[in-house]
Amino acid sequence: PMPSPSLSHIGQIAVVVHDVERATAFYRDALGMKFLFAAPPNLAFFDAGGTRLMLSGASEPEFDHPGSILYFDVPDVRTAYPAFKARGVPFVDEPHVVAPMPDGDLWMTFFKDPDGNTMAIMSVLPRP
């Protein structure tokens, strides 16, 4: 019998934006993400640690709204937060513990991109 397929690795994530040029500047300059390439008419691609992040306009009206929340791992959310904030990243809260994990505490803080998409940075940090 054929093995049942399963999903594990995410190859690409699409984020709907209204102004690809403005969003490209934010993801590249404020968030410091590695810009890969742009494709006509209105696409921009970034490397998110081996997963491709695609910025695009909504292909259909039903997709024209903020979508999934992306959680980016950083070494220490408590030190990344002020650095990103200084580059104009609009956070909606401050770094805080959201859950105890087997290897420490899960810290998180949320922000919005220029199109209102919710994103987060997170770290698992040792308990004091």
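Is strand β8 (residues 118-125) mostly covered or mostly open, and how many of its eight residues are buried? In this predicted model, seven of the eight residues of β8 are buried, so the strand counts as mostly covered, with buried meaning under 20% relative accessible area.

Look at the partners of β8 next. Strand β5 (residues 70-73) is one of them: four bridges link β5 to β8, and the two run parallel. Within this pairing, Y71 has A120 of β8 as its bridge partner.

Strand β7 (residues 104-112) also pairs with β8. Here the count is eight bridges, and the direction is antiparallel. D105 sits opposite L125 of β8. The connection between β7 and β8 is a hairpin, with five residues between the two strands. In that turn, G116 takes a positive phi of about 85 degrees.

Now turn to the sheet that holds β1 to β4. Its four strands follow the order β1-β4-β3-β2. The sheet is open, and its pairing is mixed. At the edges lie β1 (12-16) and β2 (34-39), each of which pairs on one side only. On average, neighbouring strands of this sheet are turned by 25 degrees against each other, direction ignored.

What joins edge strand β2 to strand β3 (residues 43-48)? Five bridges do, and the two strands run antiparallel. A39 faces L43 of β3 across this pairing, standing opposite that residue.

One general point helps when reading side chains in either region. In a regular strand, side chains alternate between the two faces of the sheet.

Note on methods:
Residues numbered from 1 in each chain as written. Predicted model: local features only at pLDDT ≥ 70, side-chain atom pairs only at ≥ 80, totals over all residues. Heavy atoms only, no water. Pairing = 2+ DSSP bridges. Axes fitted to C-alpha atoms, helices over the stretch in contact; angles between N-to-C directions. Buried < 20%, exposed > 50% of the residue type's maximum accessible area, 1.4 Å probe, protein only.
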